[in-house]
Amino acid sequence: MRQMPGRLVGATEDREGRTGYVLTLATREQHIRREKATSNICTSEALIALIATIYMETLGKNGLREVALQNLRKAAYARERLAKVRGCGLKFSGPSFNEFVVQVKRKPADVLKGLLRKQILGGVDLSRYYPELSDCLLVCVTEQNSREEIEALAKAMGGGR
C-alpha cells in the first residue's frame with residue numbers, strides 16, 4: 001500500500017469535449033512532510049459522488065423511476081406489515097417515501113439488539129436524537145430489500161396480530 005502514489009486523479013470529457021479532472025484518492029496527510037505522514041490512503045467524497053453519478057446514469061430516467069417506485073412500494077408494504085406486529089405501531093400517519101417511524105413497547109435499543117442477533121439491521125433508535133421519540137425506531141426499506149427480508153423483520157419483531 002505504501003508503494004501507491006499519494007494521489008489518484010480521474011480524467012474524463014464532458015459533452016463538449018472538454019477535459020475534466022477529479023481527485024478520487026488521496027492520503028489524509030497529503031499536504032504535510034512525507035516523513036511525518038502516518039495514515040493510509042483513504043477515499044475522498046468525490047469518489048463516492050462519482051459512484052452515485054455513474055449508478056444514476058446507468059439506470060437512466062426510466063430506471064431511476066423504477067428504483068423510486070420499488071422503494072415506495074416496498075416501504076409501504078413494510079409499514080403495513082409492521083403496523084400489524086404486536087408491540088409495534090406507526091408513530092405518524094403522513095405520507096413517506098422509504099423511511100417511517102415505528103413505535104415499540106420495549107426499549108428500542110433492546111429491539112435492535114434482538115434483531116441484530118438474527119442478523120437483521122432493524123433501524124435507528126431515535127431516542128438518541130429526539131428525546132420525545134424515546135420509544136421509536138426509524139425504519140428504512142429500499143429496492144434492495146426483498147419481501148422475505150421484510151417478512152423476517154416483522155416476524156423477528158413479534159409476529160402478527
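Here is a chat about the fold, the core and a few single residues of a predicted model.

User: Okay, starting simple: how many helices and strands does the chain have?

Analyst: There are 3 helices and 7 strands in this predicted model. Going along the sequence, the pattern is β-β-β-α-β-β-α-β-β-α.

User: And what percentage of the residues count as buried?

Analyst: That's 27% of the 161 residues in the chain.

User: Which strands make up the open sheet, and in what order?

Analyst: It has 4 strands in the order S4-S5-S7-S6, and the pairing is antiparallel. S4 and S6 are the edge strands, since each of them pairs on one side only.

User: Remind me, what holds strands of a sheet together?

Analyst: In general, strands pair through backbone hydrogen bonds, and they can do that parallel or antiparallel.

User: So how many bridges join S5 to S7?

Analyst: 5 bridges join those two antiparallel strands. On the S4 side, S5 is joined by 3 bridges, and that pair is antiparallel too.

User: Can you give me some actual residues? What stands opposite Gly89?

Analyst: Gly89 has Gln103 in S5 opposite it. For the S5 and S7 pair, look at Phe100: its bridge partner in S7 is Val139.

User: Phe100 sounds worth a look. What does Phe100 touch?

Analyst: Leaving out residues up to four places away in sequence, Phe100 touches Ala75, Ala78, Arg79, Leu82, Leu90, Leu137, Leu138, Val139 and Val141. Phe100 is also one of the residues with the most contacts inside the largest nonpolar core, along with Leu82, Val102, Leu115, Val139 and Met157.

User: How many residues does that largest nonpolar core have?

Analyst: It has 20 residues. The elements giving two or more residues to it are helix H1 (45–83), strand S5 (99–104), helix H2 (108–117), strand S7 (136–140) and helix H3 (147–156).

User: Which one gives the largest share?

Analyst: That would be H3, with 4 residues.

User: Let's switch to H2. Which of its residues are buried?

Analyst: Pro108, Val111, Leu112, Gly114 and Leu115 are buried. Looking down the axis of H2, they fall within an arc of 160°, so they line one face of the helix.

User: What do those buried residues pack against?

Analyst: They pack against S5, strand S6 (124–125), S7 and H3.

User: And which exposed residues are on the face turned away?

Analyst: Lys113, Leu116 and Arg117 are the exposed ones there. Just after H2, by the way, Gln119 takes a positive phi of about 60°.

User: New topic: how many aromatic pairs turn up in the whole structure?

Analyst: The search finds 0. There is a ring with a charge over it, though: the charged end of Arg147 sits over the ring of Tyr77, 4.1 Å from its centre.

User: Last one, Ser134. Where is Ser134?

Analyst: Ser134 is in the loop between S6 and S7. It's partly exposed, with a relative accessible area of 42%.

User: What does Ser134 touch, apart from residues up to four places away in sequence?

Analyst: Ser134 touches Pro108 and Ser127. Pro108, one of the buried residues of H2, is 26 residues from Ser134 in sequence, and the two are 7.7 Å apart in space, C-alpha to C-alpha.

User: What about the whole chain: what share of contacts with a separation of 6 or more comes from residues 24 or more positions apart?

Analyst: Those account for 50%.

Note on methods: Residues numbered from 1 in each chain as written. Predicted model: local features only at pLDDT ≥ 70, side-chain atom pairs only at ≥ 80, totals over all residues. Heavy atoms only, no water. Core = buried A, V, L, I, M, F, W, Y, C linked by side-chain atoms within 4.5 Å. Buried < 20%, exposed > 50% of the residue type's maximum accessible area, 1.4 Å probe, protein only. Contact = heavy atoms within 4.5 Å. Arc of directions from axis to C-beta. Pairing = 2+ DSSP bridges. Phe/Tyr/Trp six-rings, centres within 6.5 Å; stacked < 30°, edge-to-face > 60°. Lys NZ or Arg CZ within 6 Å of the ring centre and 35° of its normal.
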